[in-house]
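Could you walk me through this structure, one selection at a time? I have it open in my viewer and would like to know what to click on next and what I will find there.

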Amino acid sequence: MSIWEALAVLAAGIGAGTINTIVGSGTLITFPVLLATGLPPVTANVSNTLGLVPGSISGAIGYRRELRGQRARVLRLGATALVGGLAGAVLLLALPSKAFDAIVPCLVGLALVLVVLQPRLARALARRREREGTEAPTDGGPALLLGLLLSSAYGGYFGAAQGVLYLSLMGLLLHDDLQRVNALKNVLAVIVNGVAALFFLCVADFDWLAVLLIAAGSTVGGQIGARIGRRLSPTVLRGVIVTVGIVAIVQLLLR
């Protein structure tokens, strides 16, 4: 790796750490850069996954105030994310890379629709529960667990736009502020990337220079993203999510 390639990977790490903390989809920045340096796709993927772990931790620390009072939720949803992330990591080495190519853009598109319609859908669900005399599950219920399990499996497999999927699910099924949901998303990203990286350490080959450069860049980016993301209003944050999601769909279709 030349000095210019190393600087490009470092810059990509900063950008990925920033966008991952605010929304997600940072892999769409780092992965193409790693491929451009000549790394094989699987090596680039596993190196990217490990390198982004410190950035996810940095972003979660930046959102620590919004995480207060969510310990039980983190433990419950985190366990689901861990199982899904490990399953996705296993699938990465067992399945061809094209296995998810057709379905992922559709999933991201559906997630964007849910993000846009979330306030209206939440109000409609509240009115329905009021008519039926039922209460909303405070933890999101089985639907959220199943959705997170599948999203985390995808996250362990590749991870591009994983944050968009998380935000759409939790934004709709958890009755909480979007910033607190975003903080929870960052913790789940730590868990999924972390368990996938641990699995890859045992069975895959890494480019350690790429890992270190992305780790350094994403750690800085995580703090930048937290500073920016925590200041965004729910409406603006939804706009950012939709914009990033559309870019993700385009890149996934062209990849």
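Here is a short tour with a few stops along the chain. Keep in mind that this is a predicted model.

**Stop 1: the whole chain**

Start with the cartoon view. You will see ten helices and zero strands, so reading along the sequence gives the pattern α-α-α-α-α-α-α-α-α-α, with helices counted from the N terminus. Of the 255 residues in the chain, 52% are buried. Now think about contacts between residues at least 6 apart in sequence: 83% of them join residues at least 24 apart.

**Stop 2: helix H2 and the glycine after it**

Select residues 27-36, which form helix H2. Its buried residues are Thr27, Leu28, Thr30, Phe31 and Leu34. An α-helix has 3.6 residues a turn, so residues three or four places apart point the same way. Following H2 you come to Gly38, where phi is positive, near 105°.

**Stop 3: Gly85**

Next, select Gly85 in helix H4, which runs over residues 71-94. Is Gly85 buried or exposed? Its relative accessible area is 0%, so Gly85 is buried. Show what surrounds it: leaving out residues up to four places away in sequence, Gly85 touches Ser152, Ala153, Gly156, Val192, Val195 and Ala196. Try a distance label between Gly85 and Ala196: their C-alpha atoms are 6.0 Å apart, although the two residues are 111 residues apart in sequence.

**Stop 4: the largest cavity**

Rolling a probe the size of a water molecule over the atoms shows where empty space is left. The structure holds two cavities of 30 Å³ or more, and the largest has a volume of about 180 Å³. To find this largest cavity, select Asn20, Gly159, Gln162, Ala189 and Asn193, which are the closest to its centre among the 20 residues that line it. Then colour helices H1 (3-22), H3 (41-62), H7 (162-173) and H8 (178-203), since each supplies at least two residues of the lining. Which helix gives the largest share? That is H3, with five residues. By class, the lining has four nonpolar, 15 polar and one charged residues.

**Stop 5: helix H9 and a neighbour in H3**

Move on to H9, which has 22 residues and reaches 30 Å from its first C-alpha to its last, close to the 32 Å expected at 1.5 Å a residue. Its buried residues include Ala210, Leu213, Ile214, Gly217, Gly221 and Gly225. Among the parts that cover the buried residues of H9 are H1, H2, H3 and H8. For a close-up, pick Ser58 in H3. With 6% relative accessibility, Ser58 counts as buried, and it touches Thr219, Gly222 and Gln223, not counting residues up to four places away in sequence.

**Stop 6: the salt bridge**

Side chains of opposite charge can pair when their charged atoms come close. How many salt bridges does a search of the whole structure find? The search finds one. Select Glu66 and Arg230, whose side chains meet in this salt bridge at 3.0 Å, N to O. Glu66 lies in the loop between H3 and H4, and Arg230 in the loop between H9 (208-229) and H10 (234-254), so the pair ties together parts that are 164 residues apart in sequence. Glu66, at 12% relative accessibility, counts as buried, whereas Arg230, at 26%, counts as partly exposed.

How values were computed. Residues are numbered from 1 along each chain as its sequence is written. This is a predicted model: local features need pLDDT of at least 70, side-chain atom pairs count only at pLDDT 80 or more; totals for chains, interfaces and linings use all residues. Side-chain values use heavy atoms; hydrogens and water are left out. Helices (H or I, at least four residues) and strands (E, at least two) are DSSP runs, numbered from the N terminus. Buried means under 20% relative accessible area, exposed over 50%, partly exposed in between (1.4 Å probe, protein chains only). Contact means heavy atoms within 4.5 Å. On a 1 Å grid over the protein atoms alone, a cavity is a set of points where a 1.4 Å probe fits but cannot get out, and a pocket is an open set with protein on both sides within 12 Å along at least five of seven lines; lining residues have an atom within 4 Å of a point. Grid points are joined across faces, edges and corners, and a volume is the space filled by probe spheres set on the points. Ala, Val, Leu, Ile, Met, Phe, Trp, Tyr, Cys and Pro count as nonpolar, Asp, Glu, Lys and Arg as charged, and the others, Gly among them, as polar. A salt bridge is a side-chain nitrogen of Lys or Arg within 4 Å of a carboxyl oxygen of Asp or Glu. The expected span of a helix is 1.5 Å times one less than its number of residues.
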